[in-house]
Structures are given as C-alpha cells and as structure tokens.
Amino acid sequence: MVKPVEPVTLPEAPSHRFWDRKNSILFATNAALCTADFVVTRNNLHNGGQELNPFTRVFAGSTTGLALNFAGEAVGVVGVSYLFHKTGHHKLERAVSLLNIGSSAAAVTFDVVQH
C-alpha cells in the first residue's frame, strides 16, 4: 500500500541585521586594507613599479583613477554582501569580505616586501 508523503518544512536559516557587529568589523577591515593597498600601490607606481593586476592597471595612470578603483572595490564588497544577505546566503555574505580582505592583505604584503 502506498502512503502519501507529507511535506517537511525546513527550519529557516538564522537571520541577522545586515549592519550587525560582524559585518561592521569586516567592512571596516576591508576598507582599511583597500586604503593600504591604494597607498602602497600608489607609492610603488611613483617609484617606477608597475601594477600587476590587469584590471587595476587600467586605472593606474592617475592617482584619482587609482583611488576610485580601490573605493569602488570597497563599496562593491558591501553591495555583493548585501545581495547575498537579502537572498539568505549569510555565509557567502561574510565570505565576500573575507576573500577581499585576504586579497588586499596579500597585495599589501607583496608590495611592502618587494620594496
């Protein structure tokens, strides 16, 4: 005999406010490292170095362009995190910041060690 299957409701993923303490710390850290990346990249370029990131290289011709690139990067991280937050992907929401923090920290470290 076949029994009908009853639908199972899954518990909702734990939600949080977007500007909670963890995100605030992640976004502040991200902004600080984007700023540090801008400073060391600008110094590197002014001392005859070259930008290794092909996307950033487009903006490396002027300080304003370079600053806009790094500011856009920081704002973009918040935007993508918000998109993940609104769609309920809270682990990805935080992963975006962590990925960019790691990338910026590696770039700053590389530039500082090279010079």
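This section describes the largest pocket, a nonpolar surface patch and the salt bridge of a predicted model.

The largest pocket encloses about 360 Å³ of space. Its lining comprises 19 residues, of which D37, T41, E51, N53 and A107 lie closest to the pocket centre. Four helices, α1 (21-46), α2 (54-57), α3 (63-86) and α4 (90-114), each contribute at least two residues to the lining of this pocket. Helix α4 provides the largest share, with seven residues. Sorted by class, the lining of the largest pocket consists of ten polar, five nonpolar and four charged residues.

On the surface, F55, V58 and F59 make a nonpolar patch of about 320 Å². Of these residues, F55 belongs to helix α2, a helix that also supplies at least two residues of the lining of the largest pocket. The relative accessibility of F55 is 55%, and F55 is therefore classed as exposed, the cut-off being over 50%.

Side chains of opposite charge can pair when their charged atoms come close. The count of salt bridges in the model is one. In this salt bridge, the side chains of R94 and D20 meet at an N to O distance of 2.8 Å. Because R94 is located in helix α4 and D20 in the segment before α1, the pair ties together parts that are 74 residues apart in sequence. Both R94 and D20 are buried, whereas F55 in the nonpolar patch is exposed. Helix α4 thus holds R94 of the salt bridge and provides seven residues of the lining of the largest pocket.

Technical notes. Residues are numbered from 1 along each chain as its sequence is written. This is a predicted model: local features need pLDDT of at least 70, side-chain atom pairs count only at pLDDT 80 or more; totals for chains, interfaces and linings use all residues. Side-chain values use heavy atoms; hydrogens and water are left out. On a 1 Å grid over the protein atoms alone, a cavity is a set of points where a 1.4 Å probe fits but cannot get out, and a pocket is an open set with protein on both sides within 12 Å along at least five of seven lines; lining residues have an atom within 4 Å of a point. Grid points are joined across faces, edges and corners, and a volume is the space filled by probe spheres set on the points. Ala, Val, Leu, Ile, Met, Phe, Trp, Tyr, Cys and Pro count as nonpolar, Asp, Glu, Lys and Arg as charged, and the others, Gly among them, as polar. Patches are made of residues with over 30% relative accessible area and no salt bridge: like charges are joined within 9 Å, nonpolar side chains (Val, Leu, Ile, Met, Phe, Trp, Tyr) within 5 Å. Accessible areas come from the Shrake-Rupley method with a 1.4 Å probe; for residues, only the protein chains shown count as cover. A salt bridge is a side-chain nitrogen of Lys or Arg within 4 Å of a carboxyl oxygen of Asp or Glu. Buried means under 20% relative accessible area, exposed over 50%, partly exposed in between (1.4 Å probe, protein chains only).
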